[in-house]
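Subject: The structure for you to look at

Dear colleague,

I am handing over the structure we talked about, and below it I have written out what was found. Please keep the 3D view open while you read, so that you can follow each part.

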Amino acid sequence: GSVRIVCISDTHSRYHFQLPPGDILIHAGDFSMTGLQTEVETFLNWLKSLKEYRLKVIIAGNHDLTLEPEFYERSWQRWHNGRKQNAEYIGQLM
């Protein structure tokens, strides 16, 4: 009767590594570089491929900018060089 929790963070859009077996996977922030839609979609596809975990918990980090809509609305130009992402759509993906 035990539960094995695997916790990772700061993958920054890099997912070419082995994870240990477990029941619960926690990603504790910074799964992307700057929260681009393509980064979020790639992350979600990677998560979906991890069938061995019963539960997956995602905590947004400071690099996952588009998941904090109010902050992103104020500061997107600093991070995305004139190519504003649709934060509302990205939030719906999650």
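The count of salt bridges comes to 2, and since this is a predicted model, please read every value below as computed from that model. As a general point, side chains of opposite charge can pair when their charged atoms come close.

One of the salt bridges is formed by Asp23 and Arg54, whose closest N and O atoms are 4.0 Å apart. This pair links distant parts of the chain, with Asp23 in the loop between β1 (5-8) and β2, Arg54 in the loop between α1 and β3, and 31 residues from one to the other. Asp23 counts as partly exposed, because its relative accessibility of 23% is not under the 20% that would make it buried, whereas Arg54, at a relative accessible area of 64%, is exposed because that value is over 50%.

Glu73 and Lys84 form a salt bridge as well, and here the closest N and O atoms are 2.8 Å apart. This pair, too, links distant parts of the chain, for Glu73 belongs to helix α2 (residues 69-80) and Lys84 to the loop between α2 and α3 (87-93), 11 residues apart. Glu73 is partly exposed, with a relative accessible area of 47%, and Lys84 is likewise partly exposed, with a value of 39%.

It may help to place these pairs in the overall layout. The protein has 3 helices and 3 strands, and when you read along the sequence you will meet them in the pattern β-β-α-β-α-α. The C-alpha trace spans about 50 × 25 × 20 Å along its principal axes.

How do strands β2 and β3 run relative to each other, parallel or antiparallel? Strand β2 (residues 24-28) and β3 run parallel, and they are joined by 5 bridges. To get from β2 to β3 the chain passes through helix α1 (residues 37-49), and this β-α-β crossover is right-handed. If you would like one pair to look for in the view, Ile26 has Val57 as its bridge partner in β3.

Strand β3 (residues 55-59) also contains Ile59, which is partly exposed, with a relative accessible area of 42%. Together with Leu55 and Val57, Ile59 forms a nonpolar patch on the surface, and the accessible area of the three residues together is about 230 Å². In general, the side chains of a regular strand alternate between the two faces of the sheet.

Helix α1 offers a contrast through Val40, which is found in this helix and is buried, because its relative accessible area of 1% is under 20%. Which residues does Val40 touch, leaving aside its neighbours within four places in sequence? Val40 is in contact with Phe31, Gly35, Thr66, Ile90, Leu93 and Met94. The C-alpha atom of Val40 is also separated by 9.5 Å from that of Leu67, although the two residues are 27 apart along the chain.

For the protein as a whole, 36% of the 94 residues count as buried. The surface that the protein exposes is about 6100 Å², of which carbon and sulfur atoms supply 51%. Of the contacts with a separation of 6 or more, 50% are between residues 24 or more positions apart.

With best wishes

Technical notes
Residues numbered from 1 in each chain as written. Predicted model: local features only at pLDDT ≥ 70, side-chain atom pairs only at ≥ 80, totals over all residues. Heavy atoms only, no water. Patch = residues over 30% accessible without salt bridge, like charges linked within 9 Å, V, L, I, M, F, W, Y side chains within 5 Å. Areas by Shrake-Rupley, 256 points an atom, 1.4 Å probe, with all protein chains shown as cover. Salt bridge = Lys/Arg side-chain N within 4 Å of Asp/Glu carboxyl O. Helix = DSSP H or I, 4+ residues; strand = E, 2+ residues; numbered from the N terminus. Buried < 20%, exposed > 50% of the residue type's maximum accessible area, 1.4 Å probe, protein only. Pairing = 2+ DSSP bridges. Right-handed = clockwise from strand over helix to strand, strands pointing away. Contact = heavy atoms within 4.5 Å.
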